Amino acid sequence: MREVPAYKIIFEKSPQHPYLLVIPVINEGERISILLDRIELIKEKEFDVLIVDGGSTDGSLDKVRDQGVDTLLLKTGPGKLSAQLRCAYAYGLDKGYKGIVTIDGNNKDDPEAIPSFIGKLKEGYDFVQASRFLPGGKQVNTPRIREVAIKLIHAPLLSIFSGFHWTDTTQGFRAYSRKMLESEEIDIFRDVFSNYELLAYLSYIAPKKEFKCVEIPTSRVYPEGEAPTKISFLRGNFEVLLTLFKTIAGTYNKKK
């Protein structure tokens, strides 16, 4: 039985395309508007656009219906990012989408790569991860502590314990097949996934359960002149590492 946080459907359209683009947001300001404008420029779309809001209070979502957003969900239950994603993934599966692409709402990722994610899903991959560190990828203004932690701790440990060579494991620009999201062995619809656990868990568990995984080169640009991340220097980074260690220890594995 799925454990999905309570949410409200602010508005929705019937599915028009086979894939769903999920954008989790909370108080993204003008960044979400800029991102939506960039998404609108993509030609030959094969995806509908869904925003799942964690409780924004800045008015940044007031006009998204006019910017190509098909569905807006508001999470009303407890939890942060992983809770938002569970709401969106449950909605997408219920609507019959073949696969789901997720991109952060902060306009750091290049949405022009979305068709490449969908292309990999069509090829039969179950998990497609963006990587700024692959040849052809690009990173700009990545906080030094974040880059070092990913390259020396996060990606190496997830690679060792998952059995798949990952290079970029903390960002949310990803795609999943319907088969993987519905997997009872992985079981993503559990309340244990509340904050950032789901991202690390899926990178760890998908290869172990023999789902077909791949990374593709993408661009990730942190802006100048503003806080580059919502994760605080001490507490936030500590929680990311704690989640990593709990993940590779099997804490989030489905209990038999």
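**Strand 9 and buried Glu 215**

Biologist: How many bridges join strand 6 to strand 9?

Modeller: This is a predicted model, so local features need pLDDT of at least 70 and side-chain atom pairs count only at pLDDT 80 or more, while totals for chains, interfaces and linings use all residues. Residues are numbered from 1 along each chain as its sequence is written, and side-chain values use heavy atoms, leaving out hydrogens and water. Strands are DSSP E runs of at least two residues, numbered from the N terminus, and two of them pair if DSSP finds at least two bridges between them. Strand 6 (residues 127-131) runs parallel to strand 9, and the number of bridges is 5.

Biologist: Which residue is the bridge partner of Val 128 in strand 9?

Modeller: Strand 9 covers residues 213-217. There, Val 128 is matched with Val 214.

Biologist: Which strands stand at the edges of the sheet?

Modeller: The sheet is open, with 8 strands in the order 1-4-3-2-5-8-6-9 and mixed pairing. Two strands have a single partner each, so one side of each lacks a neighbour in the sheet: strand 1 (7-11) and strand 9.

Biologist: How far from Glu 215 is the nearest side chain of opposite charge?

Modeller: Glu 215 sits in strand 9 and is buried (under 20% relative accessible area, 1.4 Å probe, protein chains only). Lys and Arg count as positive, Asp and Glu as negative, with His and the chain ends not counted. A salt bridge needs a Lys or Arg side-chain nitrogen within 4 Å of an Asp or Glu carboxyl oxygen. Glu 215 has none, and Arg 174 is away by 8.3 Å.

How values were computed
Helices (H or I, at least four residues) and strands (E, at least two) are DSSP runs, numbered from the N terminus. Buried means under 20% relative accessible area, exposed over 50%, partly exposed in between (1.4 Å probe, protein chains only).
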